[in-house]
Structure formats: structure tokens, C-alpha cells
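Here's a quick walk through one protein model, from a helix to a few strands and a couple of pockets. Have a look at the structure first, then read on.

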Amino acid sequence: MSARKLLAIAGCAVALGAGASAQTVLINGAGATFPYPIYSKWFSEYNKVHPTVQINYQSIGSGGGIRQVTNQTVFFGATDGPMTNDQLIAAPGKILHFPTVLGAVVPVYNIPGVTAELKFTGPVLVDIFMGKLTKWNDPEIARLNPGVSLPVADITVVHRSDGSGTTYIWVDYLSKVSDAWKAKVGVATAVNWPSGVGGKGNEGVAGLVQQTPGAIGYVELIYALQNKINYGSVQNLAGEFVRASVPSVTAAAAAAAGKMPADFRVSITNADGKGVYPISSFTWLLLYESPKDKAQSKTMVDFVKWALTDGQKFCAELGYAPLPEPVVKLELAALAKIKIS
């Protein structure tokens with residue numbers, strides 16, 4: 001083959017490569033650590049079906065996700081605590097919330113010599129995180145856990161150090177069971193903690209609890225399962241002590257499905273009903289209604305449709321609960337508001 005023909009073939013190959021590369025859509029997002037395991041799975045599975053789409057996600061906490069999507073340094077954000085009205089007003093365009101899955105936040109603990117599943121009430125968790133209960137053998141804790149040999153050990157509270165949707169879910173629940181917590185600490189992705197030490201991300205809190213004898217913290221369920229950390233059951237409004245699981249989180253969602261507001265910003269912590277795990281929540285993707293990049297917008301809308309339908313089958317294996325069908329229908333209709341052309 002002549003040198004001229006070889007050069008011509010090489011030129012065609014380069015042109016084809018450039019064309020393929022030009023068609024690749026790269027989308028960047030950032031935010032909550034709570035849904036990071038399921039999002040990682042989704043982005044990988046979606047890429048298998050759509051090889052020209054690459055979605056990168058930074059697990060930096062809900063506060064960071066809200067900041068970055070507001071500053072438009074990422075195309076989409078992710079949060080476990082819905083944006084406030086003030087945050088929505090501060091954004092340069094209208095931001096829409098799309099629930100993606102449901103999860104649970106669980107109290108995790110590391111108590112030397114104790115492997116039993118401890119029981120907690122809301123008021124006891126409030127007193128622990130307020131710093132009022134300081135020993136594991138405190139009568140208030142012992143009363144809930146007869147037969148468990150609780151040690152005379154100091155309680156070390158571990159909380160998030162970063163702006164966090166997991167924190168939002170946790171303190172939203174504590175505020176519903178305690179007026180004192182609501183008045184003194186309140187509900188936000190970042191609060192002034194009355195006591196304890198901070199860890200970054202669900203990963204950081206899980207790591208600190210594992211490393212600290214006597215520690216108690218809160219993490220999304222999958223982080224407790226993956227790290228094999230003991231976690232307790234929590235008393236719900238019906239008076240039952242319920243352990244977090246896909247069915248008990250689904251029960252919480254079912255209780256709230258009929259009360260879904262048009263903008264999907266809803267709290268389902270401390271939901272009423274039997275079998276409900278009380279510290280459950282939706283987690284949301286944040287998308288601009290009229291984004292500048294229409295190619296990314298069209299791709300992201302298609303991805304969200306896939307995640308809300310085909311993607312839901314991956315939830316249970318990672319400890320998340322799938323969305324109720326009525327919520328999915330509402331969201332598919334709401335996706336039509338996003339400008340893709």
C-alpha cells in the first residue's frame with residue numbers, strides 16, 4: 001500500500017475519532033453523600049446503555065451541592081434537604097427538585113462488649129445529642145433495653161462537620177419529637193451542635209464511630225451495612241420500635257405519597273402508620289428549568305426518566321427504597337417543564 005493511501009486512511013481514522021469525541025456528552029454534578037452509592041450505580045449502568053454519555057458526580061455533601069448548582073459550577077446538584085425559599089430566590093434561575101429514591105438515617109454506635117440491637121426513642125436521641133445523657137448505662141437508655149449489659153462508658157457524639165442532607169434529615173426528625181431541640185438547634189443542613197465531634201461525609205462519621213469506643217453517630221443506612229456497624233431501632237409514632245429496612249422506609253413513603261406538594265419539597269420524617277421507620281427521607285436532584293446547555297439538558301432529562309423507571313430496580317440491593325408509583329408519575333410530568341431545545 002502506498003504512503004499516500006496510508007496517510008489517507010490515518011486521516012479518516014482521526015476524523016472519525018474526532019466525530020465520536022464531539023458526540024460525547026459530559027455532565028458534572030455534585031452534592032449529597034446519602035445517595036452516592038445508588039447514583040454511582042446508576043451512572044455506570046446508564047453509561048452501558050448510552051456509551052457516549054458520561055456523568056461525573058462529586059460526593060461533597062448537600063450543602064456543597066446546593067452551592068455549586070447555585071454558582072453554576074456543575075450542571076446538577078443533589079441534596080437530602082430541600083432548598084429553602086431564600087436559597088431558591090438566590091439562584092440565577094428557577095431550580096426544580098426531583099426525588100430519586102428513599103433512604104433511612106440510622107443511629108450507629110460502637111459500644112465495647114455490646115452487639116445487641118439497641119432501642120432508642122426520639123427523646124432519648126435528643127438527650128444524647130444535646131449532651132444531657134453522657135453514659136451508656138444511663139437509666140433512660142437501660143430502661144429501653146432490658147437484658148442488655150450496658151457498660152459504664154462515656155458517650156461520644158459524632159456528627160457531620162460539613163453541610164449535609166443526612167444532618168438535615170436527622171435534625172428534622174429530632175425537631176419533630178422535641179420542641180427544645182427545635183428552639184435551640186433547629187433544622188438545617190448545618191447546625192451548631194450542642195456536643196460532639198465532627199466527621200466529613202457519611203464516610204467520615206462511619207469511620208469515626210468505628211474508631212471511637214463509646215461513640216454514637218448517624219449515617220445513611222447503606223453506610224452502616226457496608227461498614228458492618230451496629231445500628232439501632234427507633235420508636236415511631238405508632239409506638240413501635242422499627243429497624244430501618246426497605247419495607248419500613250417504603251411504609252414511610254406510602255404515608256406521605258398522597259400529600260406530595262407540586263414542587264416535591266416534602267418531609268416524611270416521623271410519619272404516621274404501622275411499620276414506618278421514622279427517620280426516612282426522599283433525596284433530590286436539582287436541575288435548572290431553563291439551563292444554558294440544551295444538549296446536556298436533553299441528556300439529563302433522559303437520564304432522570306431512566307432513573308425514575310428502569311433505575312429503580314437497583315435500589316433494594318443498595319439499601320434504598322424505590323419511589324412510590326404515584327410520585328414517579330408526577331415527576332415524569334414535571335420533567336416536561338425543563339427546556340431541552
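## Helix α13

Start with the outward side of α13, where Lys 329 and Ala 333 are exposed (over 50% relative accessible area, using a 1.4 Å probe on protein chains only). Val 327, Val 328, Glu 331 and Ala 334 are the buried residues of this helix, residues 325-334 (buried is under 20%). Looking down the axis of α13, its buried residues fall within an arc of 120°, so they line one face of the helix. That arc is taken from the directions from the helix axis to the C-beta atoms.

A word on the basis: this is a predicted model, with local features needing pLDDT of at least 70 and side-chain atom pairs counting only at pLDDT 80 or more, while totals for chains, interfaces and linings use all residues. Residues are numbered from 1 along each chain as its sequence is written, and side-chain values use heavy atoms, leaving out hydrogens and water.

## Strands

Strands β1 (residues 25-31) and β2 (residues 53-59) run parallel and are joined by seven bridges. Val 25 has Val 53 as its bridge partner in β2. Between β1 and β2 the chain passes through helix α2 (residues 36-49), a right-handed β-α-β crossover (with the strands pointing away from you, the path from the first strand over the helix to the second runs clockwise). Helices (H or I, at least four residues) and strands (E, at least two) are DSSP runs, numbered from the N terminus.

There's also an open sheet of three strands, ordered β5-β10-β11, with mixed pairing (two strands pair if DSSP finds at least two bridges between them). Its edge strands are β5 (119-120) and β11 (241-242), each pairing on one side only. Strand β10 (residues 233-235) runs antiparallel to β11, with two bridges joining them, and Gln 235 stands opposite Phe 241.

## Pockets

The largest pocket has a volume of about 290 Å³. Of its 16 lining residues, Gln 72, Val 74, Phe 75, Tyr 288 and Lys 292 lie nearest the centre. A pocket here is an open set of points on a 1 Å grid where a 1.4 Å probe fits, with protein on both sides within 12 Å along at least five of seven lines; lining residues have an atom within 4 Å of a point.

The second largest pocket holds about 200 Å³ of space. Strand β4 (residues 95-110) gives the largest share of its lining, four residues. Ala 334 is among the residues lining this second pocket, and is also one of the buried residues of α13.

Conventions
Grid points are joined across faces, edges and corners, and a volume is the space filled by probe spheres set on the points.
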